[in-house]
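Reader: I am a first-year student and new to reading protein models. Please pick a single part, take a close look at it and show me how its surroundings fit together.

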Amino acid sequence: MSASVEVRGVTKRYGNVTAVDNVSLTIAAGEFLTLLGPSGCGKTTLLRLIAGFETPDAGSLLIGGVDITNRPPYHRPVNQVFQSYALFPHLTVGENVAFGLRMQKMPEREISQRVAESLTLVSLTDFANRHPHQLSGGQRQRVALARALAPRPQVLLLDEPLSALDAKLRRTMQLELKRLQRQLGVTFVFVTHDQEEALTMSDRIAVVNHGRIEQLGSATTIYHQPGSAFVADFLGQANLLKATVVERDLLGCVSNVRLTAGMELRLSATGVPATASQVLLSIRPEKVLVSKSRPDAENVFSAVVEEEVFQGATDYLVLAGEGGLRLNALLANESAINESIVRGDKVWFALHADDLVVVETG
């Protein structure tokens with residue numbers, strides 16, 4: 001599949017602050033790529049550079065193989081959906097969707113056809129004559145999408161467009177956005193700090209930190225194989241454990257480590273430098289296996305449940321182990337009649353070697 005967006009060594013500074021630091025990124029045509037990171041990490045600045053609202057201090061930007069680095073926004077084959085929706089309150093839904101097409105001096109017959117098609121896509125055909133104040137938040141969001149899609153851009157940029165919606169509607173719109181993107185085949189570049197949104201919708205995620213892309217990959221890869229402590233901690237929850245290398249196998253791979261709390265773990269880690277003597281391990285809370293009876297597994301230790309929080313589908317546990325070790329665990333509540341684990345219980349926990357990921361070495 002040919003590249004739709006290419007970011008080549010792009011840097012953007014504001015005074016002494018480097019908002020985007022020598023970023024290179026290729027986004028395939030028809031891909032849903034999410035820029036994920038905390039506030040101030042540079043993800044929105046990168047989106048604005050693609051849109052043309054900012055000019056890079058270094059590097060270049062291409063869409064469909066054409067250099068658009070110095071083109072103004074209205075000469076780029078992109079459109080954008082903003083967090084505020086920015087609908088015109090005095091115009092009807094249909095007139096809002098038609099606005100950009102009229103600015104392009106498109107014939108009225110074609111405008112009418114495009115408006116009808118766009119409203120059909122977002123299931124708002126019966127709302128064409130309403131005004132924005134007569135719509136719900138989710139409906140206004142769909143109007144903003146229809147308006148952005150009506151000119152048929154090659155790339156649609158979305159800057160945290162779901163953040164103003166309540167939690168239930170946001171989850172519904174996440175699935176709706178992904179369905180729409182697949183149906184149209186338009187390249188979506190989506191900015192968010194919400195991990196659930198990124199995991200739910202993205203073909204790939206670029207985790208941004210301090211103006212750089214910390215890790216780029218599929219949601220599954222980034223979640224299960226985080227490339228750094230920042231990625232492990234930011235995307236979902238993670239237990240981060242410092243350890244010393246005590247043994248390697250015949251191939252030089254780390255096979256055993258000792259935690260600062262004193263317990264020794266078996267690993268199946270690969271790619272750790274031969275000179276590394278210290279490692280930082282990551283394990284997701286749902287991978288910490290907890291039971292009241294000792295399991296027949298590797299890396300098994302005892303602990304006391306320090307905290308237990310019922311979360312409906314899951315139970316969140318804080319385990320206090322030997323040597324001051326603290327672990328977070330997440331247990332599925334598969335049945336109301338299952339034996340429950342509560343605060344103060346003595347339990348066993350197991351850490352499978354394949355679930356322990358090395359995120360830093362020293």
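**A close look at helix α5**

Author: Let's settle on α5, whose buried residues are covered by parts that include β3 (32–36), α3, α4, β7, β8 (187–192) and α6 (195–201). Here, "buried" is a relative accessible area under 20%, "exposed" is over 50%, and "partly exposed" is in between, using a 1.4 Å probe and protein chains only. The names α and β stand for helices (DSSP runs of H or I, at least four residues) and strands (runs of E, at least two), numbered from the N terminus. Each chain is numbered from 1 as its sequence is written. This is a predicted model, in which local features need pLDDT of at least 70 and side-chain atom pairs count only at pLDDT 80 or more, while totals for chains, interfaces and linings use all residues, and side-chain values use heavy atoms, with hydrogens and water left out.

Before zooming in, here is the setting. Eight helices and 20 strands make up the list of elements in the chain. Its C-alpha atoms fill a box of roughly 75 × 50 × 40 Å along the principal axes. Out of 362 residues, 48% count as buried. Among contacts (heavy atoms within 4.5 Å) with a separation of 6 or more, 66% are between residues 24 or more positions apart.

Now for the helix itself. From its first C-alpha to its last, α5 reaches 26 Å with its 18 residues, close to the expected 26 Å. That expected span is 1.5 Å times one less than the number of residues. Which residues of α5 are buried? They are R170, M173, Q174, E176, L177, K178, L180 and Q181. If you click through them in the viewer, you can look for the covering elements, β7 and α4 among them.

Both ends of this helix reward a careful look. At the N-terminal end, D166 acts as a cap, with a side-chain oxygen 3.2 Å from the backbone nitrogen of K168. After α5 comes G185, whose phi is positive, near 75 degrees.

Just before the helix, there is a loop worth visiting. E160 sits in this loop, between β7 and α5. Is E160 buried or exposed? Its relative accessibility is 13%, so E160 counts as buried. Apart from neighbours within four places in sequence, the residues in contact with E160 are K43, Q83, V191, T192 and H193. With H193, E160 also shares a side-chain polar contact of 2.8 Å. A polar contact is a pair of N or O atoms within 3.5 Å; within protein, one must be able to donate a hydrogen and the other to accept it, and residues adjacent in sequence count only if both atoms are side-chain atoms. E160 also shows how the chain folds back on itself: T44 is 116 residues away in sequence, yet the two C-alpha atoms are 9.1 Å apart in space.

Next, turn to one of the covering neighbours, α4. Helix α4 (residues 137–149) has 13 residues and spans 19 Å between its first and last C-alpha, close to the 18 Å expected. Because 10 of its 13 residues are buried, α4 is largely enclosed by the rest of the structure. Those buried residues are G138, Q139, Q141, V143, A144, L145, A146, R147, A148 and L149. Their cover includes β6 (78–81), α2 (93–103), α3 (108–121), β7 (155–159) and α5 (167–184). So the covering runs both ways: α4 is among the elements over the buried residues of α5, and α5 is among those over the buried residues of α4.

Finally, here is a backbone detail to look for. Most residues other than glycine have a negative phi. Between α4 and β7 there is a loop that holds R152. R152 is not a glycine, but its phi is positive, near 60 degrees. With a relative accessible area of 52%, R152 is exposed. N22 is another non-glycine residue with a positive phi, about 55 degrees. You will find N22 in strand β2, where it is partly exposed at 46% relative accessible area.
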